[in-house]
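Okay, thanks for squeezing me in. I'll put the structure up and then just talk through a few spots.

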Amino acid sequence: MILANIWNQVTDWFKDRSERNNVIKSFNESAKMAFIMGTAPTMLKASYSKGCSAYKHPFSAWINTGFRIQALAGRALSKEEMVFIGEVVLNNEELLRRLVALGWDTLEVHDDKGQYGCRWKLIDYINMGIMIE
């Protein structure tokens, strides 16, 4: 019985990893097409990051809890530009709920030239705990 529980946990972990990889891949494909089609002014690329330990929630993944978006702008972005990119993501409630459900707890936005970025605690943006009427 104990061995079966351990096996189920390992299986679930790999399933979640696969789903997390699919989210990253899908985001990157969509961002690339938006850039190519001219609907996005800069190309974005998502990847894993360490995340912020202060943002952990009960469903946070064991490692790599940050969802990092790098803007390939060819220059350092202003804080306002990084906040704008973050707000676009934060306004997509379905994406946010998927990120949280798959164990991410931190959204990070960085450029490809500067040294600083912005980050948000995902759980604060998913309208969790609203009463069902």
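So, let's start with N64. N64 is partly exposed, because its relative accessibility is 29%, and partly exposed here covers the range between under 20% and over 50%. Keep in mind that this is a predicted model. Where is N64? It's in the loop between strand 1, residues 43-49, and strand 2, residues 66-72. And the backbone there has something to look at: phi of N64 is near 55°, which is a positive value in a residue other than glycine.

Now let me zoom out. There are three helices and four strands in the protein. Reading from the N terminus, the order is α-β-β-α-α-β-β. The protein has 133 residues, and 35% of them count as buried. The accessible surface comes to about 9,100 Å², with 57% of that belonging to carbon and sulfur atoms. What about contacts along the chain? If you take contacts between residues at least 6 apart in sequence, 63% of them join residues at least 24 apart.

Okay, strands. Since we were just on the loop between strand 1 and strand 2, how do those two run, parallel or antiparallel? Strand 1 and strand 2 run antiparallel, joined by seven bridges. One pair you can click on is S49, whose bridge partner in strand 2 is G66. On to strand 2 and strand 3: these run parallel, and six bridges join them. There, Q70 stands opposite H110 of strand 3.

While we're in strand 3, look at E108, which sits in that strand. Is E108 buried or exposed? E108 counts as buried, because its relative accessibility is 6% and the cut-off for buried is under 20%. So what does its side chain do? It makes a polar contact of 2.8 Å with the side chain of R68. Leaving out residues up to four places away in sequence, E108 touches S49, G51, F67, R68, I69, C118 and R119. You'll recognise S49 from the bridge to G66 a moment ago.

A little before that strand there's another acidic residue, D105. D105 lies in the loop between helix 3 and strand 3, and strand 3 covers 106-111. Which side chains does D105 reach? There's a polar contact of 2.8 Å between the side chains of D105 and S60, and another, at 2.7 Å, to the side chain of T106. D105 counts as buried because its relative accessibility is 0%. Its contact list, again without residues up to four places away in sequence, includes C52, Y55, K56, H57 and W120.

Next up, helix 2, residues 79-90. Does the length make sense? Well, twelve residues at 1.5 Å each should span 16 Å, and the end C-alpha atoms are 16 Å apart, so that agrees. Which residues of helix 2 are buried? That would be M82, I85, G86, V89 and L90. Looking down the axis of helix 2, the buried residues fall within an arc of 140°, so they line one face of the helix. On the other side, E80 and F84 are exposed. And what do the buried ones pack against? Strand 1, strand 2, helix 3, strand 3 and strand 4, with strand 4 being residues 117-121.

Helix 3 came up in that list, so let me point at one residue there. R97 is in helix 3, which covers residues 93-101. R97 is partly exposed, because its relative accessibility is 38%. Not counting residues up to four places away in sequence, R97 touches I126 and N127. R97 and N127 are 30 residues apart along the chain, and their C-alpha atoms are separated by 9.3 Å.

Last one, back toward the N terminus. S26 is in helix 1, residues 2-37. How exposed is S26? With a relative accessibility of 40%, S26 counts as partly exposed. The C-alpha atoms of S26 and A46 are separated by 9.4 Å, with their positions 20 residues apart along the chain.

That's my tour. Happy to spin the model around for anyone.

Notes:
Residues numbered from 1 in each chain as written. Predicted model: local features only at pLDDT ≥ 70, side-chain atom pairs only at ≥ 80, totals over all residues. Heavy atoms only, no water. Buried < 20%, exposed > 50% of the residue type's maximum accessible area, 1.4 Å probe, protein only. Contact = heavy atoms within 4.5 Å. Areas by Shrake-Rupley, 256 points an atom, 1.4 Å probe, with all protein chains shown as cover. Polar contact = N/O pair within 3.5 Å; in protein donor to acceptor, adjacent residues only side chain to side chain. Pairing = 2+ DSSP bridges. Expected span 1.5 Å × (residues − 1). Arc of directions from axis to C-beta.
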